[in-house]
Amino acid sequence: QLVESGGGLVQGGGSLRLSCAASGRTISNYHMGWFRQAPGKEREFVARIMWSGSNPYYADSVKGRFTISRDNAKNTVYLQMNSLKPEDTAVYYCAADTSLIRISRAPDYWGQGTQVTVSS
């Protein structure tokens, strides 16, 4: 089970840090990712990180503003979001997969999501 937290309401230009805690399985065996879905839009890829913590990869829309990281000892993955914009408003989902291809496209495991709202 993946459980996201850390969402909320923030002004444009502000920061939030999302966390995704896993229970029932160890994330050290999985590549981890973040996706988001804005109202009326399809879910989109945001970032992913390999099981080892190396090679983070980002969508162009968040590159340079968001940072994905993980702490396998705490069984948790993070998404640090800086310089937030109103267009970042969405429900953010944590995801896990053993495949480096699937993690950025169609992961097997999902959290329930956490709402991020950025005001202008």
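Q: How much area does the protein expose, and what share of it do carbon and sulfur atoms supply?
A: In this predicted model, the protein exposes about 6,000 Å². Carbon and sulfur atoms supply 48% of that area.

Q: What makes Asp-88 count as buried or exposed?
A: Check its relative accessibility, which is 1%. Buried means under 20%, so Asp-88 counts as buried.

Q: Where along the chain would you look for Asp-88?
A: Look in the loop between strand E8 (76-81) and strand E9 (90-97).

Q: What makes the pair formed by Asp-88 and the backbone nitrogen of Lys-85 a polar contact?
A: A polar atom of the Asp-88 side chain lies 2.8 Å from that nitrogen of Lys-85. The cut-off for a pair of N or O atoms is 3.5 Å, and one must be able to donate a hydrogen while the other accepts it. The value of 2.8 Å is within that limit, so the distance fits a polar contact.

Q: Which residues does Asp-88 touch, if you skip those up to four places away in sequence?
A: Here's the list: Arg-36, Arg-65, Phe-66, Ser-83, Val-116 and Val-118. To be in contact, heavy atoms have to be within 4.5 Å.

Q: Why is Asn-75 called buried?
A: Its relative accessible area is 15%. That falls under the 20% cut-off, so Asn-75 is buried.

Q: What is there to notice about the phi of Asn-75, and where does this residue sit?
A: Asn-75 isn't a glycine, yet its phi is positive, at about 55°. You'll find Asn-75 in the loop between strand E7 (66-71) and E8.

Q: What about the phi of Asn-55?
A: Asn-55 is also a residue other than glycine, and its phi has a positive value near 50°. Its place is the loop between strand E5 (44-49) and strand E6 (57-58).

Q: How many helices and strands does the protein have?
A: Zero helices and eleven strands.

Q: How do you know how compact the protein is?
A: Set its radius of gyration, 13 Å, against the globule rule, which gives 14 Å for 120 residues. The two values are close, so the protein is as compact as a globular protein of that length. Its C-alpha atoms fill a box of roughly 40 × 25 × 25 Å along the principal axes.

Q: What share of the residues is buried?
A: Of the 120 residues in the protein, 46% are buried.

Q: How far apart are the mean positions of the positive and negative charges?
A: They are 4 Å apart, taken over 13 positive and 9 negative charges.

How values were computed: Residues numbered from 1 in each chain as written. Predicted model: local features only at pLDDT ≥ 70, side-chain atom pairs only at ≥ 80, totals over all residues. Heavy atoms only, no water. Helix = DSSP H or I, 4+ residues; strand = E, 2+ residues; numbered from the N terminus. Buried < 20%, exposed > 50% of the residue type's maximum accessible area, 1.4 Å probe, protein only. Rg over C-alpha atoms; globule rule 2.2 N^0.38 Å. Areas by Shrake-Rupley, 256 points an atom, 1.4 Å probe, with all protein chains shown as cover. Lys, Arg positive; Asp, Glu negative; His and termini not counted. Charge placed at Lys NZ, Arg CZ, Asp CG, Glu CD.
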